[in-house]
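Dear colleague,

I am passing on to you the structure that I have been looking through, and I would be glad if you could open it before you read any further. My notes follow the model itself.

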Amino acid sequence: MFKRLAFLFACLFAGQASATHIAGGEMTYTYLGNNQYKLRLDIYMDCLNGSDQAISQDYTAYISIFNGSNNRMLSGYPKSVTRSGPKRIQKTNYNCIKVAPNACVDHYWYELTVTLPPNSGGYYISYQRCCRNGSISNLSQPGSTGANFWTRIPDATGFKNKDGNTAAVFKELPPNFLCTNTPLKFDHSATDADGDSLTYELYQPYRGATSADPMPTNAFQMQQPPFSQVTFLWPTYNYSDPINGNPKMEIDTFTGLLTVTPTRAGQYVVGIKVKEYRNGVLISETLRDYQFNVQACVIDVVAGYFVPKIVCGLTYQFQNQSAGGQRYSWDFGVDSLTNDTSNSGSPQYTFPKAGAYKVKLFAYKNTCVDSFEALVNVVDPILPKLANDTILCKGSAIVVRSATKGDAYRWSTGSYDDSLVITQPGQYWIRQYIKTCYWQDTINIGSDTDRIQIKGDTVFCTYDPIIQDLRAAWPAGSNATSTGKLLWSTGSTKASIRVNSPNFYVLEGTTENLCVSRDTAYVYLFPPVEVSIPDTLFCRESSVTLDSKNPGPTAITEWSTGKTGQFETLNTPGQYSVKVTIGLCLDRDTFVLGYHPIEHQLGPDLRFCSGIDTVLTIDKPGLSNVVWNREITGSSFRLTQAGKVQAEWRNSKGCYEADSLMVSLFPLPGLDLGSDTVLCLSENPVLDAGPNMQVYRWNTGEQTRSITAYDSGLYIVWVKDMEGCWNSDSVWINKKKDLYPSVIYMPSAFTPDGNGLNDFYPMNQYKVKGSLYNVKLYNRWGEKLAELESPDYNWDGRINGEEAPAGVYIYLATWIGCDNERRTLMGNFTLLR
């Protein structure tokens, strides 16, 4: 087993740099009198894994002193100091460990006496050295991270007799190794020669020197205040949680008890600080920077229990945190008793009185026994006592306080006073503290919210005699309706009174809880107020002044416009209101303002087609001062051209009126049905009145753009264009059946040789147009060569662009003649070439 543990420990610390050896240290000082101080530097070195060369080099330490006022190093520093020691640290925390890990820590110390006169900023004492063990688990780049062991000597000017301070000194050094999953409970407290108050906490250690200058010997190589701190491997580690532990590492603020149960092997840098307070003022700190070596150990039994900071009350249930124990025995430290013991694992014990007791636990396994002792502070239970539950009258207050005295108090409201003023109903509690213990009591405050009211206070606005009934009223459902007592200012104790004069009347009501409330009713009498403003019409260009008819300093007139005063001038139509107040009486009226109605208008815009010559007239009775286009006076105006026409006048009420209209001139719509004409009886011409007209009207009754003239006669059309202008046109159509011959002449031959004579067929000179005309030409095999639909079209003797061969061809002609008769003619003709 020993070989296996030694191998694990060697692996854990293997691989560090040759110059890494520092395991921890602290700087302290002792005041000798006459401004002299003995400085002491304690250094702890890893004598198993540390560099022998580096340890040898530290035979001399260079200690520097900085002026606290300007952070500059004092002249003549740093000074070299020769070390004493070493002292091998072999303390273990475990009695029943089977095989102790192979750990080695040597303790060296350096002492230097210096003279430091009082200084407003004090002095910083510093020793800086690099480097730490490279195998440290909780720092970033530990092998190149140095250490700075420093302290600050405070200015002695403000101290009694101006004597200097002596630093607090830790009583013990932690064990040279810890075991995983095994609790550590170590008294890390300190002593102080001056009797100052001490508190404890963890802190973030400081760094100093570098791997390039591991042992600075002059001011240029050393850090000056403020000093920099090491970097933890965040977020796994930080100064308040520097070791993997469950529970994690903690130090009791007041006792210095250091506790942790490590869960992971490794080397961990921890900062432990003791702070000195004198008359409540922090004056100095001692900083211990220490490397904890954690190993996987084999232990038979470890004794330990949870040490409460304070036992609140005489009875306490102890929590056994021992590991590996088979049986236990307790001694509760009561010197006057011999039976203050227990063999229970986690006993409950009642102490005889308050005090400090050294409670010791023994844990046994086979033949091995381990013990753990701690100081347990017990305080008497001092229970707070509040008054009995009570009722709070509305608007009143109750002062409550505990009947017993404590060190401090806390109320459910957040107050820390020894008493509480309560103004609202509810449940309230007080926690009364004795040291760090507290006890609690509760008081319930009910409420009596029943308040008396007077119904019937009023205002009379009249010249007549008055009578008013005033009635007392408790809240609905209140017991005070039947149990409450009443007293009016008139002396009456009844539920209602009748009054006939203006005055104020007071009613006092008392509930069954003796809660008193009062109410006041006012009966006022004022002269009546009347205001009436009729609806009013006025001219557009003017305004109207309104009179509330309530003058005098006692009348307050408020218009809906926001204005105040007897009169208001308005120039905008609408609904308005006015309120007149005299004393507590008032009257309101609503009225409407409007313009006089328009009496005359020029009418719609005018539109003319082809010409303008008319007279516009304004002759309505009551109108006067007519002006046209701002220059022509009189009731009539001759209009001869397009444009805008303006007119203004005064109406029968004398109000100014004005109007205008637009005069537009448009040309007649274009229309041409053509000249009178004579046609064959077979022709039916189309008469077209033209596009883009709004209205078409023919004398035939049709309303389309075009019509077909089937008969002889006069045809008339009226049209209206998009501007509303009308125009008309007419045409005579005369149909004759003998206007042209109705017979077609078909030649017997033609010669399409391009000489200009008989080049086309049939060239029959038929004159009738607009009726059926169809001539089909075939070859002798019956193939159609051409079809002619008008006498204007003829065959050029080609088929598909090629000359047709000479020979005989056939024609078939169908037509309607001028006499409107249908005819057919068939024959042949010869193409000659």
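What follows is a summary of the pockets, one sheet, and a few individual residues.

Please keep in mind that this is a predicted model, in which local features need pLDDT of at least 70 and side-chain atom pairs count only at pLDDT 80 or more, whereas totals for chains, interfaces and linings use all residues. Residues are numbered from 1 along each chain as its sequence is written, and side-chain values use heavy atoms, with hydrogens and water left out.

I begin with the pockets. A pocket here is an open set of points on a 1 Å grid over the protein atoms alone, where a 1.4 Å probe fits and where protein lies on both sides within 12 Å along at least five of seven lines; lining residues have an atom within 4 Å of a point. The largest pocket has a volume of about 1100 Å³, a volume being the space filled by probe spheres set on the points, which are joined across faces, edges and corners. Its lining comprises 41 residues, and those closest to the centre are Lys185, Phe186, Leu257, Thr259 and Phe372. Strands are DSSP runs of E with at least two residues, numbered from the N terminus, and among those that supply at least two lining residues each are β10 (184-187) and β14 (257-260), while β23 gives the largest share, 7 residues. Sorted by class, this lining has 17 nonpolar, 12 polar and 12 charged residues, where Ala, Val, Leu, Ile, Met, Phe, Trp, Tyr, Cys and Pro count as nonpolar, Asp, Glu, Lys and Arg as charged, and the others, Gly among them, as polar.

The second largest pocket holds about 400 Å³ of space. It is lined by 22 residues, with Tyr44, His107, Lys171, Glu172 and Leu173 nearest its centre, and the elements giving two or more residues to the lining include β2 (36-46), β4 (79-89) and β5 (105-115). In this lining, 7 residues are nonpolar, 4 polar and 11 charged.

His107 may be worth a second look. This residue belongs to strand β5 and is buried, with a relative accessible area of 14% (buried means under 20%, exposed over 50%, and partly exposed in between, with a 1.4 Å probe and protein chains only). The His107 side chain makes a polar contact with the side chain of Asp42 at 2.7 Å, a polar contact being a pair of N or O atoms within 3.5 Å, of which, within protein, one must be able to donate a hydrogen and the other to accept it, and residues adjacent in sequence count only if both atoms are side-chain atoms.

In strand β4 you will find Pro86, and the peptide bond from Gly85 to Pro86 is cis, with omega near 10 degrees. The bond from Tyr77 to Pro78 is cis as well, with omega near 10 degrees, and Pro78 lies in the loop between β3 (60-67) and β4.

Further along the chain, an open sheet of 5 strands runs in the order β56-β62-β61-β57-β58, with mixed pairing. Because β56 (749-750) and β58 (784-788) each have a single partner strand, they stand at the edges, and one side of each is left without a neighbour in the sheet. β56 pairs with β62 (residues 822-831) in the parallel sense over 2 bridges, where two strands count as paired if DSSP finds at least two bridges between them.

With best regards

Conventions
Helices (H or I, at least four residues) and strands (E, at least two) are DSSP runs, numbered from the N terminus.
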